[in-house]
Amino acid sequence: QVQLAESGGGLVQPGGSLRLSCAASGSIFSIYRMRWYRQAPGKQREVVAIITSSGTTTYTDSVKGRFTISRDNAKNTVYLQMNSLKPEDTAVYYCNADLAIVGAAPTSHWGQGTQVTVSS
């Protein structure tokens with residue numbers, strides 16, 4: 001059984017910062033791409049940032065220059081550093097990982113989500 005556990009969400013004022021973490025646990029053989037998604041009320045879930053196993057990163061245009069995705073392969077953990085936060089960044093943030101457990105092909109796994117609210 002694999003679990004992705006997110007942490008680090010909360011309430012922050014505009015211009016502030018938060019750091020999200022997502023730790024994968026279980027009988028993991030290898031983790032490939034890791035992603036952060038977000039879903040605001042009444043909107044579709046959108047991908048925010050992606051990081052490959054070699055560290056190549058991609059961002060959606062609205063967060064470029066403000067958010068940074070990183071990973072610690074030794075800890076099976078992906079991070080999202082969010083700076084200069086705006087009210088429009090308010091959403092539930094989800095981590096997603098393509099990973100293989102021992103003896104199986106890679107599959108996609110999701111965390112439970114963490115709320116980020118940017119408001120004064």
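Let me start with one pair: L20 stands opposite L80 in strand 8. Keep in mind that this is a predicted model.

L20 belongs to a longer pairing. Strand 3, residues 18-25, runs antiparallel to strand 8, with six bridges between them. Another pair on that seam is A23, whose bridge partner in strand 8 is T77.

Now the other neighbour of strand 8. Strand 7 also pairs with strand 8, again antiparallel, and over six bridges. Here R71 stands opposite V78. The hairpin of strand 7 and strand 8 has four residues between the strands. In that hairpin, N76 takes a positive phi near 50 degrees.

Put the pieces together. Four strands make an open sheet, in the order 1-3-8-7, with antiparallel pairing. Which strands stand at the edges? Strand 1 and strand 7, residues 67-72. Each has a single partner strand, so one side of each has no neighbour in the sheet. From one strand to the next, the twist averages 15 degrees. As for strand 8, five of its six residues are buried.

Next, charges. As a general point, side chains of opposite charge can pair when their charged atoms come close. How many salt bridges does the model have? The count is five.

Take D98 and R35. They form a salt bridge, with the closest N and O atoms 2.7 Å apart. This pair links distant parts of the chain. D98 is in strand 9, residues 91-101, and R35 is in strand 4, residues 28-39. The two are 63 residues apart. Are they buried or exposed? Both D98 and R35 are buried.

Now D89 and R38. Their salt bridge has its closest N and O atoms at 2.9 Å. D89 lies in the loop between strand 8 and strand 9, while R38 is in strand 4, so the pair ties together parts 51 residues apart in sequence. D89 is buried, at a relative accessible area of 1%. R38 is buried as well, at 6%. There is also a network here. Through shared partners, salt bridges join R38, E46, R66 and D89.

For contrast, look at D61. Its side chain meets that of K64 in a salt bridge, 2.9 Å from N to O. D61 is exposed, with a relative accessible area of 61%.

Last stop: E6. This residue sits in strand 1, residues 3-7. E6 is buried, yet has no salt bridge. Which side chain of opposite charge is nearest to E6? That is R45, at 7.9 Å. The salt-bridge cut-off is 4 Å, so R45 falls outside it.

What does the E6 side chain reach instead? One target is the backbone nitrogen of G113, at 2.4 Å. Another is the backbone nitrogen of C95, which lies 2.6 Å from a polar atom of the E6 side chain. Around E6, leaving out residues up to four places away in sequence, the contacts include S21, C22, W36, Y93 and Y94. Q112 and T114 are also among them.

To recap. The open sheet runs 1-3-8-7. D98 and R35 are a buried pair joined by a salt bridge. E6 is buried and has no salt bridge, but its side chain reaches the backbone nitrogen of G113. That's the tour.

Terms used: Residues are numbered from 1 along each chain as its sequence is written. This is a predicted model: local features need pLDDT of at least 70, side-chain atom pairs count only at pLDDT 80 or more; totals for chains, interfaces and linings use all residues. Side-chain values use heavy atoms; hydrogens and water are left out. Buried means under 20% relative accessible area, exposed over 50%, partly exposed in between (1.4 Å probe, protein chains only). Lys and Arg count as positive and Asp and Glu as negative; His and the chain ends are not counted. A polar contact is a pair of N or O atoms within 3.5 Å; within protein, one must be able to donate a hydrogen and the other to accept it, and residues adjacent in sequence count only if both atoms are side-chain atoms. Contact means heavy atoms within 4.5 Å. Two strands pair if DSSP finds at least two bridges between them. Axes are lines fitted to C-alpha atoms, for helices over the stretch in contact, and angles run from 0 to 180 degrees between N-to-C directions.
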